[in-house]
Amino acid sequence: MQLVVNIAVLAAIYALLACGYVLIYRVSRVMNMAHGELSMLGAYLLFTTASLFAHHPLSAIAAALLLSVVVGVLVYTLLMRRMTGQMVLAAILTTVAIGILLRGMVVLIWSAAQQHPLQALELSNPSLELVGGARISVCAGLIVLATALVYGSLFAFLRFGRWGIRMRAAGQNALLAAQRGINLNAVYALAWSLSTFTGSLAGMLIALDSGLDQSMVVIGLKAFAPALVGGLDSFVGALCGALIVAAAEVFAIHYIDPLLSDVVPFLLLIAMLVVRPWGLFGTREELDRV
Amino acid sequence: MSSQPRASGYFRTDYAQDFALIGTRFKLVSVIVFLLALAIFPFVASPFQLDLATQVFLASIGSLSLMLLTGFAGQISLGHAGLIAAGAFTVGILVREINAPFWITLPAAALVGAALGIVFGLPSLRLRGLYLAVSTLALHFVVIYAGGEYETRRGFSTGIMIDPPTVAGFAITNGRVWYFILLAAVAATLLISINLLRTRTGRAWRAIRAHETVAEALGIGIAAYKLLAFVISSAITALAGALFAYYRGFVSVEAFSLFLTIQYVAMVIAGGMGSLAGALLGAGFVTLFPYGIERVLLLLPEAQRYASVLFAVNYAAFGLVMLLFLMFEPAGLVGIWRRMQNYFLHWPYKHRPVAASRP
């Protein structure tokens, strides 16, 4: 029973991070290698706002989320916008460079030591007992809840929202979308801000649950595996991929070797690339975008 | 190679001139002067400067091989650190397990590299661009995991010690000897690369990079040449890793992080895509960059305050410089060099004549 809960929590973390990859890839066909760093930045922003709004945890979280959205828009308008129409490699490397820059900045501003935003917010993280004797911490439960909420609203937004439909159109054919008067820059900026928003949300909740340090980057990188296993342009795929990867990882840790936890997602990723490069639910596209 | 007409009116009139590595007397003189400077350097440099030079040489071998793969064959690889690790670990394991001498371990490392090259290259037959980058990245993690697993299983959790290689009973520990060995290795790699690019293989790679479908229509075996690019590049990279292991005398997975891969990619970018000279320049630039940053930081007031966050400053500055290159100088250091050259070639005019405007 505890295994099921562990899988659910890990799958929720992966799904919440993976939808950031999917959002950006679906709209602009760029893989954002800085996603882990951006979510880490979100968590550190929470750490800062926590000291500003010491007794209002909710307003601290809201302020940090707002700041992270601003960061996402800035990253797009200042950097990624110039990369439109460039080689894929150049765009990917730009995100890599952003990631390195952020990693350095975070250490310079907040130091490399492990931080605990939970204590800064003066909250506690009690462990709850579920049916069947399994235990789950409140923050881990919040992650599952947040993932469900985010995916629900994303589905609704892309299905019915005016801007959601514009985003889908831009993803399907950017040129035609522009011809129809859709503001591509606004759509891309929106995708980047939504992506950093969900990523930062994931980063904050992970940090509340288990402390905050540089290792969050690795979680962000591992979350690319579920996005690709499910199909890089499909949100349903990201959910399924997160479940599959989380299950495989938890079982590997439990039954084989804890050291495997950093490799299992990548092994699954390679297997998927060999068998079905476009993923479980992704659209089969001409993989010719060098 | 790039055969732009020079302002001096140097034209090649027969095939021997076209094949010659060193075309003009000026080039010959400058090569000799450069080699002399390189030969004198270890006798006037401090041990620290000597170590820096050898580091640049090691990086040059790796960046040359990555340049062959990415700059000429057009295949993206984010698994370079994994290949270097593979070469280093081959040496470490062979030395620890069967106490093998270097004339067994070095070819073995090259063989392991070539075999891994096939593994890394297989996805390239089906995948391109982003997907290829991801698959090589994933393989990097698998190789690093295998190395870490070996370390913990055999009880070398802090790393594997490697004795210096011995030739006729003498152990090579002297920094100057290492300098010349690695200089020779870089020169050999450079010559191999230059000549490889002038053969059918090199032309096939460029055709694949320019346009795969057209290359196939021209009768080039895409699959074979792609795999060949991965195999050759990986074998050279693994050799660089093996030399690194011997030079440092110590192998540990911590040294081969994702950051190392990014550094090598940065060398290719900063140097200039599709240029061997760029690979060398980029290797020098990226290797010396952190030391330059350290120097600058120590000049600032309250230098001691920054000592503890030096690596963070390095990261931030490195990311910033990479961004600047990608945004404003995609042609890299070689691009800057060419622009300077052209400035003097066309002086006092600002632009080259339209008819001769070739890239």
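# Exercises on a predicted two-chain model

Arg29(A) lies in the loop that joins helix H1 (2-28) to helix H2 (35-52) of chain A, and the model in which it is found is a predicted one. The exercises below start from this residue.

## Exercise 1: two loop residues

Describe the backbone and the surroundings of Arg29(A), and then do the same for Asn99(B).

Solution. Begin with the backbone of Arg29(A), where phi is near 55°, a positive value in a residue that is not glycine. Next, take the count of neighbours: Arg29(A) has 17 C-beta neighbours inside 10 Å, so it counts as partly exposed, given that this class lies between the limits of 12 or fewer for exposed and 20 or more for buried. Now turn to Asn99(B), which sits in the loop between helix H4 (80-98) and helix H5 (102-126) of chain B. Asn99(B) has a positive phi of about 55° although it is not a glycine. Its class is exposed, because 9 other C-beta atoms lie within 10 Å.

## Exercise 2: a residue in helix H12 of chain A

Work out whether Ala238(A) is buried or exposed, and which residues it touches.

Solution. First place the residue: Ala238(A) belongs to helix H12 (residues 235-256) of chain A. The count around Ala238(A) is 34 other C-beta atoms within 10 Å, and the residue is therefore buried, the cut-off being 20 or more. Leaving aside residues up to four places away in sequence, Ala238(A) touches Ala15(A), Ala18(A), Cys19(A) and Val22(A), as well as Pro226(A), Ala227(A) and Gly230(A). For a distance across the chain, take Asn173(A), which is 65 residues from Ala238(A) along the chain, with 22 Å between the two C-alpha atoms.

## Exercise 3: the overall form of each chain

Decide what the radius of gyration says about chain A and about chain B.

Solution. Start with chain A, which holds 13 helices and 2 strands. A compact globule of 290 residues would have a radius of gyration near 19 Å, and chain A has 19 Å, so the two agree. The C-alpha atoms of chain A fill a box of roughly 55 × 45 × 35 Å along the principal axes, and 51% of its 290 residues count as buried. Among the contacts in chain A with a separation of 6 or more, 74% are made by residues 24 or more positions apart.

Chain B, in turn, has 15 helices and 4 strands. Its radius of gyration is 22 Å, close to the 21 Å that the globule rule gives for 359 residues, and chain B is therefore as compact as a globular protein of that length. Its C-alpha atoms fill a box of roughly 65 × 55 × 45 Å along the principal axes, while 42% of the 359 residues count as buried.

## Exercise 4: helix H14 of chain B and its partners

Compare the span of H14(B) with the expected one, and then find which elements its buried residues pack against.

Solution. At 1.5 Å a residue, the 19 residues of H14(B) should span 27 Å, and since the end C-alpha atoms are 26 Å apart, the values agree. The buried residues of this helix are Tyr315(B), Ala316(B), Phe318(B), Gly319(B), Met322(B), Leu323(B), Phe325(B) and Leu326(B). They pack against helix H3 (57-79) and H4 of chain A, and also against helix H11 (258-271), H12 and helix H15 (332-346) of chain B.

One of these partners can be followed further: the axes of helix H12 (residues 276-299) and helix H14 (residues 310-328) of chain B come within 10 Å and cross at roughly 115°, and the crossing is right-handed. On the H12(B) side the contact is made by Phe289(B), Pro290(B), Ile293(B), Glu294(B) and Leu297(B), which meet Leu310(B), Val313(B), Asn314(B), Ala317(B) and Phe318(B) in H14(B). Sorted by class, this contact has 8 nonpolar, 1 polar and 1 charged residues.

## Exercise 5: where the chains meet

State how many residues of each chain are in contact with the other, and which element gives the largest share on the side of chain A.

Solution. The contact joins 33 residues of chain A with 35 residues of chain B. On the chain A side, the elements that give two or more residues are helix H4 (88-110) and helix H13 (264-275). H4(A) gives the largest share, 16 residues. By class, that side of chain A has 26 nonpolar, 2 polar and 5 charged residues.

Note on methods. Residues numbered from 1 in each chain as written. Chains lettered and ligands numbered in written order. Predicted model: local features only at pLDDT ≥ 70, side-chain atom pairs only at ≥ 80, totals over all residues. Contact = placed C-beta atoms within 7 Å. Nonpolar A, V, L, I, M, F, W, Y, C, P; charged D, E, K, R; others polar. Axes fitted to C-alpha atoms, helices over the stretch in contact; angles between N-to-C directions. Left-handed = near helix turned anticlockwise from the far one by under 90°. Rg over C-alpha atoms; globule rule 2.2 N^0.38 Å. Expected span 1.5 Å × (residues − 1).
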